Amino acid sequence: MDLDLRKVRYFVAVAELLHFGRAAERLHIAQPVLSRQIRALEKDLGAELFVRDSHGVTLTGAGTQFLEDARPLLAAADGARRRAAQAARGRRRLVVGFRAGVVVTRALRAFTAEHPDIEANARRVEWDDQEQLILDGTVDIAYVRQPIRPDGLELRPLYSEPRVAMLPDRHRLAGKQEISLADLAGEQWIRYNDPRPGDLPLRTIEEKFECVAAGVAITMVPRSAAEQYSRPDIVYVPVVDAEPDRVLLAWAAGRRSPLVAAFAAAAVAVAADD
């Protein structure tokens, strides 16, 4: 049985909203049509994906698992379409993603020296979209930081680096040469990767600056990010016993692209020289 990607998209909309009416509005289809498509998908899979009762709509165990698998599946399909369209237009290009603090210049120069006919560009990615932008083909390969969801990705470790505490300039520890995690006990931490209900999402290092400088909370960032981003009301202090930040290369699993392989080789060679 081949999966119908249209039905999978319908399922994801319902799973994200947990409401058939709102999902139908998002998809611009009638609700009865959406309900029939979901029932057909459940029949195809031989599993009930939703519990529908007077309290609303919830995912079953099978639905939760299918949602986890469906997102990278749809992203991979989008990526395949995007790459095919680019090839049809005769464009040969490579887009390299990178996280804040990562410098891709040397690897890009090494790659373009070997492939002068390829248009190579860099695009910044964030912690909450690094996987999606690779899977959907927005970027071909990316420098990513842990934690990362590995589903649908090939990962190659590149290097690790120390992390430093980002503190407001008036913080009690701002004048220290180095600190330990114990020194930070009791501090309010930015919860951007594990927000509580009602928390405002924080995505970028610039947003972290504002939160820390205002004295709302503190966080830790990779040393390279601290070296690239500074402002007078923020200080960085090394945390000697913090887990190091790990940088990896990531690209879509199963993709056999000579350009991706060539850039990966250049990136590994540059990292080995540092």
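Contact here means that heavy atoms lie within 4.5 Å of each other. With that in hand, let's walk through this predicted model, starting from the whole chain and ending at one glutamate.

The chain has 274 residues, and 43% of them count as buried. It holds 9 helices and 10 strands, and along its principal axes the C-alpha trace spans about 65 × 55 × 25 Å. As you turn the model, notice how the chain meets itself: among contacts between residues at least 6 apart in sequence, 72% join residues at least 24 apart. On the outside, the accessible surface comes to about 14800 Å², and carbon and sulfur atoms account for 50% of that. The chain carries 38 positive and 39 negative charges, and the mean positions of the two sets are 5 Å apart.

Now let's go inside. In soluble globular proteins, nonpolar side chains tend to be buried together. Here the largest nonpolar core has 22 residues, and the members that touch the most others are Leu94, Val96, Ile141, Tyr143, Leu249 and Phe263. Two or more residues of this core come from each of the strands β3 (93–98), β5 (141–145) and β10 (245–252), and from each of the helices α5 (105–114) and α9 (258–273). Helix α9 gives the most, with 7 residues.

Phe263 is a good place to pause. Setting aside neighbours within four places in sequence, Phe263 is in contact with Leu94, Val96, Ala107, Leu108, Phe111, Ile141 and Tyr143. Apart from this core lies another, of 20 residues, including Ala13, Leu34, Ile38 and Leu67.

Our last stop is a charged residue. Glu161 lies in strand β6, which covers residues 153–161. Is Glu161 buried or exposed? Its relative accessible area is 6%, and the cut-off for buried is under 20%, so Glu161 is buried.

What surrounds Glu161, then? Leaving out neighbours within four places in sequence, Glu161 is in contact with Arg145, Pro222, Arg223, Ser224, Pro244, Asp245 and Val247. Two of these partners deserve a closer look. The side chains of Glu161 and Arg145 are joined by a polar contact of 3.0 Å. From Ser224 it is the backbone that takes part: the backbone nitrogen of Ser224 lies 2.8 Å from a polar atom of the Glu161 side chain. Try centring your view on Glu161, and you can follow both pairings, one to the side chain of Arg145 and one to the backbone nitrogen of Ser224.

Technical notes:
Residues numbered from 1 in each chain as written. Predicted model: local features only at pLDDT ≥ 70, side-chain atom pairs only at ≥ 80, totals over all residues. Heavy atoms only, no water. Helix = DSSP H or I, 4+ residues; strand = E, 2+ residues; numbered from the N terminus. Buried < 20%, exposed > 50% of the residue type's maximum accessible area, 1.4 Å probe, protein only. Polar contact = N/O pair within 3.5 Å; in protein donor to acceptor, adjacent residues only side chain to side chain. Core = buried A, V, L, I, M, F, W, Y, C linked by side-chain atoms within 4.5 Å. Areas by Shrake-Rupley, 256 points an atom, 1.4 Å probe, with all protein chains shown as cover. Lys, Arg positive; Asp, Glu negative; His and termini not counted. Charge placed at Lys NZ, Arg CZ, Asp CG, Glu CD.
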